[in-house]
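Dear colleague,

I am handing over the structure we spoke about, with the sequence alongside. Please look through it before you read my notes.

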Amino acid sequence: QVQLVESGGGLVQPGGSLRLSCAASGFTFSRYIMKWYRQAPGKERELVAYISNPGGSTNYPDSVKGRFTISRDNAMNTVYLQMDSLKTEDTAVYYCNAWSSVSGNDYWGQGTQVTVSS
């Protein structure tokens with residue numbers, strides 16, 4: 001059974017940091033491209049970080065570049081999102097995604113809420 005379980009969300013003040021984790025199981029993690037998305041109320045889901053398999057390349061949109069860092073531990077089947085210098089506009093539900101460019105399999109976690117507020 002495929003599972004992606006996010007954790008680490010919460011309430012943080014502007015300028016603060018959070019580290020999200022996504023623990024994967026049920027598939028060969030190292031073969032999958034891993035991504036983090038977010039969705040704020042009333043907005044479309046937005047890609048915020050990408051890391052290739054097994055992990056040599058990353059990419060970010062301008063909105064988070066220089067503040068967010070994605071990483072992965074293939075031995076632990078876990079992907080992380082380090083978020084620094086958080087802004088109120090970073091408030092959203094953050095989702096972990098696993099995608100295989102070979103099989104087309106596309107898996108999602110349940111999401112974790114991040115709220116940036118003073």
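Below is what was found in it, beginning with the sheet and the core and ending with a few individual residues.

Please keep in mind throughout that this is a predicted model.

The sheet and its edge

Four strands form an open sheet in which the order is E1-E3-E8-E7 and the pairing is antiparallel. Strand E1 (3-7) and E7 are the edge strands, each of them pairing on one side only, and the twist from one strand to the next averages 15 degrees. Between E1 and E3, which run antiparallel, there are five bridges; within this pairing Val5 has Ala23 in E3 as its bridge partner, and Ser7 stands opposite Ser21 in E3.

The side chains of E1 alternate along the strand, with Leu4 and Glu6 pointing to one face, where they are buried, while Gln3, Val5 and Ser7 point to the other and are not buried. Ser7, which lies in strand E1, has a relative accessibility of 38% and therefore counts as partly exposed, the limits for that class being 20% and 50%. Not counting residues up to four places away in sequence, Ser7 touches Arg19, Leu20, Ser21 and Thr112. Of these, Thr112 is 105 residues from Ser7 in sequence, yet the two C-alpha atoms are 6.3 Å apart in space.

Thr112 itself has its place in strand E11 and is buried, its relative accessible area being 11%. Its side chain reaches the backbone nitrogen of Gly9 at 3.3 Å. Leaving aside neighbours within four places in sequence, the contacts of Thr112 include Glu6, Ser7, Gly8 and Gly9, and also Leu20, Ala92, Val93 and Tyr94.

The nonpolar core

Which residues have the most contacts inside the largest nonpolar core? They are Trp36, Leu81 and Tyr94, in a core of 30 residues. Two or more residues each come from strand E3 (18-25), strand E4 (33-39), strand E5 (46-51), strand E7 (68-73), strand E8 (78-83), strand E9 (92-99) and strand E11 (112-116). As background, nonpolar side chains in soluble globular proteins tend to be buried together.

For Tyr94, once its neighbours within four places in sequence are left aside, the residues in contact include Trp36 and Leu81, together with Leu20, Val48, Phe68, Met83 and Val114. The same list for Tyr94 also holds Glu6, Tyr37, Arg38, Gly111 and Thr112.

The disulfide

The structure holds one disulfide, and this disulfide joins Cys22 to Cys96 with an S to S distance of 2.1 Å. The angle about the S-S bond is -80 degrees, which makes the link of Cys22 and Cys96 left-handed. Because Cys22 lies in strand E3 and Cys96 in strand E9, the pair ties together parts that are 74 residues apart in sequence. Both of these cysteines, Cys22 and Cys96, are buried.

Arg72 and its surroundings

Is Arg72 buried or exposed? Arg72, which is found in strand E7, has a relative accessibility of 13% and so counts as buried, since the limit for that class is under 20%. The side chain of Arg72 reaches the backbone oxygen of Tyr32 at 2.8 Å, and a polar atom of that side chain lies 2.9 Å from the backbone oxygen of Ser52.

When neighbours within four places in sequence are left aside, the residues in contact with Arg72 include Phe29, Ser30, Tyr32, Ile33 and Met34, and also Ile51, Ser52, Asn53, Pro54 and Gly55; Thr78 and Val79 belong to the same set. Ser30 is 42 residues from Arg72 along the chain, and their C-alpha atoms are separated by 9.0 Å.

Ser52, whose backbone oxygen takes part in one of the approaches described above, has its place in the loop between E5 and strand E6 (58-59). With a relative accessibility of 11%, Ser52 counts as buried. Ser52 and Arg72 are 20 residues apart in sequence, and their C-alpha atoms are 9.4 Å apart in space. Not counting residues up to four places away in sequence, Ser52 touches Ile33 and Ser57 in addition to Arg72.

With best regards

Conventions:
Residues are numbered from 1 along each chain as its sequence is written. This is a predicted model: local features need pLDDT of at least 70, side-chain atom pairs count only at pLDDT 80 or more; totals for chains, interfaces and linings use all residues. Side-chain values use heavy atoms; hydrogens and water are left out. A nonpolar core is a set of buried Ala, Val, Leu, Ile, Met, Phe, Trp, Tyr and Cys residues joined through side-chain atoms within 4.5 Å. Buried means under 20% relative accessible area, exposed over 50%, partly exposed in between (1.4 Å probe, protein chains only). Contact means heavy atoms within 4.5 Å. Two strands pair if DSSP finds at least two bridges between them. Axes are lines fitted to C-alpha atoms, for helices over the stretch in contact, and angles run from 0 to 180 degrees between N-to-C directions. A disulfide is a pair of cysteine sulfur atoms within 2.5 Å. A polar contact is a pair of N or O atoms within 3.5 Å; within protein, one must be able to donate a hydrogen and the other to accept it, and residues adjacent in sequence count only if both atoms are side-chain atoms.
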